[in-house]
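Trainee: Could you pick one part of this structure and walk me through it slowly? I'd like to see how its pieces fit together.

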Amino acid sequence: MPLHLPPLTRRTFLRRSLAATASLLTFPSLRAAESSADPDRWALLSDTHIAADRAAILRTVNMTEHLEAAVKGVRALASRPAGVFVNGDCAVLKGLAEDYATFSTLITPLREAGLPIHLTLGNHDDRDIFRTSLKAAIPAAPPLVSKHVSIVEGARANWFLLDSLDEVNKTPGLLGDEQRAWLAKALDANTAKPALVMVHHNPISGTPEKKGALTDADELLAVLLPRRNVKALFFGHTHTWRFAEKDGLHLVNLPAVAYSFAATEVTGWVDAKLSEKGATLTLHAHDTRHAAHGKTTEIAWRAA
Ligand SMILES: [Zn+2]
């Protein structure tokens, strides 16, 4: 089960606000929290790489500042999203309890703004520590014990969240037979709405001769491609913002919130608006001068 952090209630919010010296500054967000959410809007974040130390810098980026900017951006949207996804690598390298403590604090303003948050695991997370650190968010009866998987039901689509963490702090990812069997069954049991699948590791590579980092990518695609209710697969891990397509299935590589591996690549997060026929994806880059910042990409769902 990915972690699902419910929004903070008004009571909790007020208690926290009263304790905070800057409480007046946070009241506009309380009003936003009380307005109804846009059921078709979702904020897509990936690869936040938060370290215990807020001052930590990797590849010239202060990861805390980048996540804070993303959180601020999500809260500033004209309408409140139905939910926020953070698609793995929440922690910087090894998934330490201290990393999750900082991560948890940094995403609290989203919960205060009334947003539910759905988390998946990446190769820089530690499943056991993740579960212990954010214990309150773990449901009593997860579909699988060995991996964090779940379904987030949306108005226009259902999100299927997978767990490709294999070994902590090792690059490759693996879903495994049990998870793929669960996914196939879950997809077949939920055909009324388009299915959108989210996994941390990339099933394909930007370089044609190289394979993606997901070891059982072929087996995953063998589950997804023939099931025409599956319209898109969202992933992270590469820290690049890319679109590809296979038999009409959209393969969307979400950018990292944290840092990129090449100077030309953009970092940021994505504002997704779903419609009956597809999705509109708008990039919010940290570098607002980057050519991709604010650019919108439309993807259309393949026929059922
Ligand atoms: Zn990453």
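**A sheet and the helices beside it**

Mentor: Let's start with one pair of residues: Val 197 has Leu 233, in E10, as its bridge partner. Before we go on, keep in mind that this is a predicted model, in which local features need pLDDT of at least 70 and side-chain atom pairs count only at pLDDT 80 or more, while totals for chains, interfaces and linings use all residues. Residue numbers run from 1 along each chain as its sequence is written.

The two strands to look at here are E9 (residues 195-198) and E10 (residues 230-235), which pair in the parallel sense over four bridges. Strands (E, at least two residues) and helices (H or I, at least four) are DSSP runs, numbered from the N terminus, and two strands pair if DSSP finds at least two bridges between them. In general, strands of a sheet pair through backbone hydrogen bonds, either parallel or antiparallel.

Now zoom out to the sheet. It is open and has six strands, in the order E7-E8-E9-E10-E12-E11, with mixed pairing. Its edges are E7 (150-153) and E11 (242-246), each of which pairs on one side only. From one strand to the next, the twist averages 20 degrees.

A helix comes next: H6 packs on this sheet and touches E7, E8 (158-161), E9 and E10. Contact between two residues requires that their C-beta atoms, placed from the backbone, lie within 7 Å. The direction of H6 makes about 175 degrees with that of E8; axes are lines fitted to C-alpha atoms, for helices over the stretch in contact, and angles run from 0 to 180 degrees between N-to-C directions.

H6 (residues 177-189) has a helix partner too. Its axis and that of H7 (residues 217-224) come within 10 Å and cross at roughly 15 degrees. That makes H6 roughly parallel to H7; the cut-offs are under 35 degrees for roughly parallel, over 145 for roughly antiparallel and 65 to 115 for roughly perpendicular, with the rest oblique. Which residues of H6 and H7 meet? On the H6 side they are Arg 180, Leu 183 and Ala 184, and on the H7 side Glu 219, Leu 220 and Val 223. Sorted by class, this contact has four nonpolar, no polar and two charged residues. For these classes, Ala, Val, Leu, Ile, Met, Phe, Trp, Tyr, Cys and Pro count as nonpolar, Asp, Glu, Lys and Arg as charged, and the others, Gly among them, as polar.

Finally, follow the chain through the loop between E8 and H6, where you will find Glu 167 and Asn 169. Is Glu 167 buried or exposed? Glu 167 counts as exposed, because it has 10 C-beta neighbours inside 10 Å. Asn 169 is partly exposed, with 13 other C-beta atoms within 10 Å. The scale calls a residue buried if 20 or more other C-beta atoms lie within 10 Å of its own, exposed if 12 or fewer, and partly exposed in between, with C-beta atoms placed from the backbone.

Each of these loop residues has one more detail to offer. Glu 167 lies 9.1 Å from Asp 125 in space, C-alpha to C-alpha, although 42 residues separate them in sequence. Asn 169, which is not a glycine, has a positive phi, near 65 degrees. Most residues other than glycine have a negative phi.
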